[in-house]
Structure formats: structure tokens, C-alpha cells
Amino acid sequence: MPPAPRCRRHPFALPGWLLAFGMAMSFGASPVRAEDAASPLAAEPEPPRIRVVDVTLSGLPDEEAANARLAMTLARLSVKQRSDLSEARLQFLLRRIPGEVTKALEPFGWYSPVVDVRREPAREGVRIRVVVDAGEPVRVKTLDADITGEARDDRFVMRELPKLEPDVGERFVHLDYEASKFRVERKLADRGYFDAKRTTGRVAVSRAGKTADVLLRWESGPRHAMGEARFGANQFRPGLLPPLVDWTEGEPYHRNKLGRLRARLSQLDYFALVEVVPAEDGKSDSLRVPIDITTTPAKRTAYTAALRFGSDTGVGVRGSVNRRWVNDRGHKWLSDFEWSQRRSGFSTQYRIPSLRRLPGWWGTRIEYLTEDPESALGYERLGVGAGWQGRRDPFTLSGRVVFAEERTKLLRRDRFPDARQTMLYPELSATYRRVEDPLNPDDSLQLTVALRAGVIEAASERQRFAQLEIGAQWLHSIGDSQAMILRADAATTAYAGLLESLSFPTSLRYFAGGDRSIRGYGYREIGPRFEGEVLGGLHRVVASAEYQYFFTDEWGAAVFVDAGDVFNTRRAFDPKIGVGVGARWRSPVGLVGVDVAQGLDEAAGGGTRLHLSFGVGF
């Protein structure tokens with residue numbers, strides 16, 4: 001490799017230090033003074049900072065306004081950040097607002113809003129006002145939706161298509177559109193079309209024409225079938241729980257069947273957690289989907305104790321011992337007791353599961369109860385009953401045979417001797433109950449009917465009797481803040497003896513008045529009287545209407561009117577009316593009510609009374 005060429009120095013080149021000195025002295029430069037060399041450079045003044053004291057938004061409905069405000073970068077800044085902005089930074093944020101608001105309104109169907117951003121002076125800073133005119137919304141011009149595959153012949157799936165939202169002519173709201181697609185796809189999954197997929201989902205929006213064209217297509221694939229119900233390990237012997245399964249292998253799949261099985265297992269009170277899900281190994285060549293049932297045992301023995309107070313019964317305590325399962329056959333044992341100023345009792349019961357056909361229980365019960373109302377007959381009763389109860393939502397059916405000994409307790413024991421009765425009767429009852437959340441029922445309905453008939457022996461005299469009771473309660477919500485509650489019950493007795501003889505047991509007599517009956521009257525204060533003491537009657541008719549309005553999510557008020565009577569003959573029917581107002585609190589354990597009621601019939605014990613209630617009675 002040849003050597004690198006060397007730079008030749010010009011014969012007239014000056015040394016570097018001499019050249020630098022000459023340049024410093026040229027152009028008439030003045031010598032630097034010592035004081036100038038020692039002083040710092042003069043600093044430029046810092047630009048002023050700006051404080052944004054408030055950002056307001058107007059011209060939009062609440063939901064759109066909330067979304068638009070969240071989209072504005074300036075509005076999302078903290079108070080500290082908005083208190084220290086440069087002019088350039090503020091101008092940048094203000095220029096962003098129209099685009100941010102427009103983007104935030106598109107999901108609601110507003111694609112061409114006019115956004116006016118105003119900067120106004122304010123004390124200690126500036127105020128930003130954003131005024132929005134949403135303009136004309138984008139509306140659905142065409143909606144074309146269809147499903148191909150086996151689901152095309154499934155009316156339960158196909159009827160979801162006409163429910164798609166938004167419909168033609170309506171504002172194109174993205175949330176409604178996405179929710180509608182989800183409902184169709186959920187219905188496909190619920191009906192067993194596990195291979196279903198959306199093949200087309202297109203929305204063409206014309207900003208100029210303010211229209212949207214929607215095109216949706218699904219391919220359902222084949223429908224799967226219910227497979228084997230596979231119970232995991234649990235605390236019971238094999239064969240106890242499978243009768244609760246209400247499908248046979250090969251039936252068309254439906255998710256509701258899983259939900260019903262989960263509810264039945266939960267109602268047994270054996271388990272803390274129940275999971276009923278399609279198996280992970282899933283679909284087979286036969287399209288049958290096995291179902292895995294996994295259970296977690298509940299605490300085997302549960303103890304409860306509580307203080308209680310009611311305007312009907314006074315101050316008291318209550319407790320129970322619940323042995324959720326006694327053995328691997330699923331037998332149960334429960335004992336509970338209560339004591340209060342006017343009512344006390346103890347009961348113990350043993351139940352054996354009967355889970356085939358209509359799930360239920362065979363059981364026997366021993367009960368002691370004593371009651372001493374302030375103005376009505378009291379009683380002391382010891383009874384034993386045996387029977388069966390079954391439940392399949394929304395129906396509950398029960399039947400039992402009761403044998404009891406009872407002693408009537410009077411207020412005026414110096415005038416009337418206590419009476420004793422022995423009774424034997426069968427009892428049948430049925431209940432229809434539709435309520436999603438017992439703590440906070442919404443649009444709920446309960447219907448009950450009970451029939452009992454038998455013989456009563458008192459003072460060496462035997463009489464037959466029969467009773468029929470019908471009750472109804474309906475709660476209807478009006479939006480989120482209002483509710484109407486209607487309640488009615490009617491009961492009648494066929495009995496040949498005389499009530500004044502006290503040969504008819506007090507526990508089978510009808511009374512009215514109190515927190516759950518006609519407010520404005522005392523507990524069991526309405527009924528036929530004898531020398532001032534309420535003896536109860538053969539027939540009862542009671543109705544109630546209550547309107548509730550909630551000012552907040554938790555607190556509300558109520559107005560109500562109750563009416564009814566207890567009587568022995570049709571001519572004696574004389575309705576007693578109570579009216580009043582109350583406060584309502586949606587507590588974590590249910591609805592709590594405090595009512596001030598006025599009974600309008602003073603002769604029947606009416607007056608101004610305070611009533612406390614818990615729950616709605618469903």
C-alpha cells in the first residue's frame with residue numbers, strides 16, 4: 001500500500017496563536033473590562049403562567065356530556081396541573097377540544113356537532129366554557145340481518161333479529177348496536193350453537209347524508225345436545241343428587257337447564273358454592289356436551305343469634321342451630337327458638353330429602369308456641385306435624401297432618417276460665433312466587449292458597465271445621481325511584497260451634513291489625529269483641545295499597561292506605577281503615593320501614609301508631 005500523502009505547509013502561513021490574536025484585535029474590538037467578565041449574562045424574563053379555574057360543558061344530555069368531558073384532555077387535568085399552564089400549552093389543549101368532543105359523541109350517533117370553545121376571564125385565572133350543539137344525529141337507513149345454518153329453523157333464535165337495535169329510523173347508538181349483537185350471540189350459545197360465528201358485521205356511515213347502513217350475518221353451525229351430568233366428589237353417597245338432573249342425554253342443549261340444576265342444588269343448603277358448566281373437554285363427534293357439576297360443602301353446622309324488636313311483638317331474641325346434613329343420606333335437623341315480650345316459642349324438625357320428580361322433603365316437626373297480645377286472646381300450643389314439601393320454581397307445594405293441644409289464655413281470667421282444645425287436621429298449601437332478589441324485590445308477585453279441615457275436641461264436645469285462605473301481593477317498580485305495592489288476603493271458616501264458647505282454638509281464629517295487616521291499629525286488635533276483649537272471627541278480608549318514592553338510591557318515603565275487617569257474619573262486615581306515611585331505607589339486609597299510621601275507627605282501637613317493618617314480605 002503506498003504511503004498516505006502528506007499535507008504541505010504554505011510558505012507564508014502564520015502560526016495559529018498569532019492568527020487568533022490578530023482576529024481578536026481586528027474590527028476595532030474593545031478590550032474586555034474586568035467587571036464585565038465577572039458579571040453573569042442578563043436573563044430573559046420568564047413568560048407568565050396561566051391558571052384555569054374551571055372547565056364547563058353545556059348543551060348535551062347527561063350521558064353524552066359525561067363521555068365528552070372524559071374525552072377532553074384539559075378537563076382530565078388535576079387542579080394542580082390546571083393551575084400552572086403556559087400560554088402555548090393552553091392554546092394546544094384548547095385546539096384539541098373540538099376533535100375530542102366530536103369523537104366522544106360518535107358512539108351516541110352525533111357525528112357532526114358544532115363545538116364552541118370560549119375563554120373567559122375569571123378571578124385568579126381564566127374559565128373555559130365549551131358549548132356544544134349536537135346537530136342532527138345519524139339515523140339507521142337500512143338494517144339487514146340474517147342467520148344461516150340450523151338456527152334458521154330455531155324460532156327462539158330467529159325472533160331475536162327483529163329486536164335488533166337501533167331500528168330503521170332510529171338514532172345510531174353504538175352501545176345499543178353492540179348490545180343487540182351480543183344478545184343474538186348469547187342466544188345462539190344458550191341454545192347450543194357453539195360453532196356459531198359472525199361472518200359479516202358492517203356499518204356504513206354517511207356523514208353528509210347523516211345515515212347508517214347496517215349489515216349483519218351469522219352462520220350458526222349445528223346445534224349441540226345435552227351430555228352426561230358428571231358430579232364431582234361431594235359429602236354424600238352416590239345416587240342422592242342425580243335425580244335433580246332434569247334432562248336426558250341427547251336432548252337439545254339449553255343453558256337454562258344448567259341454571260335450574262344449579263338453583264336446585266343451592267336450595268338444598270348443603271353447599272357453599274355450586275358450579276354447573278359445560279365440560280372443558282367439550283364437544284364430541286356426537287355433538288353431546290358433558291356437564292360438570294362441582295360443589296363446595298357449606299359449614300356443616302350453622303348457629304345464629306340475634307336481638308329483635310317489632311312494634312307487634314316488642315323486644316326479643318332469636319336463635320337457631322342448623323345441622324345442614326346429619327349423614328351421607330342428606331338428612332337435616334334444625335332447632336330454633338324465640339322469645340319476645342308478647343310471643344315465645346321453640347321448634348325442632350327433622351327432614352329427609354325426596355329429590356325424585358318434584359324435589360322436596362319428608363319431615364316431622366315438634367313445636368311449642370305461646371302468644372299474649374295486649375288486647376286479644378292469647379294461647380299456649382304444643383303440636384306435632386308430619387308431611388312433605390316440594391319446590392320447583394316458581395311453585396311450592398306442601399301437605400302435612402297436624403296434631404296439637406292448645407290452651408286459650410284470656411285477659412280477664414277472673415271472669416272466664418281458660419279453655420283447652422285438642423285438634424287433628426290435614427293441611428294443604430300452594431305458593432306461586434316470582435321474585436329475583438328477596439332483599440330488594442322488583443316487579444314481584446306472590447300468590448298463596450291454603451286449605452285445612454279436621455276435628456276439634458273441647459270440653460268433651462267434638463266439632464268439625466274447614467278453612468280456606470287466599471293471599472296475593474304484587475310489587476311494581478316505576479323506573480328506579482318509584483314503586484307500588486298492592487296486597488290482599490281473604491280467609492273463611494266453616495264451623496258449627498260458637499266462638500264465644502272458646503271451644504274453637506285461638507291459633508285458628510282470624511285477627512287483623514298490626515305491622516303486616518291494617519296499620520293504625522294494634523297487633524290483633526281488629527275482630528269481634530266480647531266485653532272489650534278481641535275474640536277473633538271466622539272470616540277475614542284485608543287489602544292494602546302503598547306508594548313509595550325514593551329521593552336517593554337508599555332513602556325514600558311512602559304513603560299508604562289499609563282496610564279490612566274480621567267478622568263472623570256477612571252483615572257484621574264493617575271495614576276498618578288506616579292511613580299514614582312512612583320512611584324507607586334500602587339497607588344492606590333489605591328494606592327497613594318506619595310508618596306513622598292513623599286508624600280512623602277509634603271504637604275498634606284506631607289511633608296514631610308507630611309501625612316498624614323489615615322487608616316487603618315476599
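In which strand does Ile-366 lie? Ile-366 belongs to strand β14, and this residue makes a good place to begin a walk through what is a predicted model. With a relative accessible area of 45%, Ile-366 is partly exposed, because the partly exposed class runs between 20% and 50%.

Ile-366 also has company. Together with Phe-337, Phe-346, Tyr-368, Leu-382, Val-384, Val-401, Phe-403 and Leu-424, Ile-366 makes up a nonpolar patch on the surface. Taken together, these residues offer about 780 Å² of accessible area. Three strands give two or more residues to the patch: β14 (360-371), β15 (378-392) and β16 (395-409).

Let us now turn from the surface to the interior. The largest nonpolar core is built from 26 residues. If you would like to find it on screen, look for Leu-74, Leu-90, Ile-97, Val-101 and Ile-128, the residues with the most contacts inside this core. Helices and strands both take part, with at least two residues each from β1 (52-58), α3 (62-71), α4 (73-76), α6 (87-105) and β3 (125-133). Of these, α6 supplies the largest share, seven residues.

Aromatic rings are the next stop. Across the whole structure, a search turns up 14 aromatic pairs. One of them joins Phe-172 and Tyr-177 in a tilted arrangement, with 5.4 Å from centre to centre and 50° between the planes. Both partners lie under the 20% cut-off for buried residues: Phe-172 has a relative accessibility of 1%, and Tyr-177 has 6%.

The pair formed by Phe-194 and Tyr-253 has another geometry. Here the ring centres are 4.9 Å apart and the planes meet at 70°, so the pair counts as edge-to-face. Phe-194 sits in the loop between α8 (174-190) and β5 (197-206), while Tyr-253 sits in the loop between β7 (225-231) and α9 (255-267), so the contact ties together parts that are 59 residues apart in sequence. The two partners also differ in exposure: Phe-194 is partly exposed at 28% relative accessibility, whereas Tyr-253 is buried at 0%.

Aromatic residues gather in a cluster as well, made up of Phe-236, Tyr-270, Phe-271, Trp-325 and Trp-361.

Finally, rings also meet charges in this model. Arg-519 is placed over the face of Phe-560, 3.7 Å from the ring centre. In another such arrangement, the charged end of Arg-524 lies over the ring of Phe-511, at 3.9 Å from its centre.

Key
Residues numbered from 1 in each chain as written. Predicted model: local features only at pLDDT ≥ 70, side-chain atom pairs only at ≥ 80, totals over all residues. Heavy atoms only, no water. Phe/Tyr/Trp six-rings, centres within 6.5 Å; stacked < 30°, edge-to-face > 60°. Buried < 20%, exposed > 50% of the residue type's maximum accessible area, 1.4 Å probe, protein only. Helix = DSSP H or I, 4+ residues; strand = E, 2+ residues; numbered from the N terminus. Lys NZ or Arg CZ within 6 Å of the ring centre and 35° of its normal. Patch = residues over 30% accessible without salt bridge, like charges linked within 9 Å, V, L, I, M, F, W, Y side chains within 5 Å. Areas by Shrake-Rupley, 256 points an atom, 1.4 Å probe, with all protein chains shown as cover. Salt bridge = Lys/Arg side-chain N within 4 Å of Asp/Glu carboxyl O. Core = buried A, V, L, I, M, F, W, Y, C linked by side-chain atoms within 4.5 Å.
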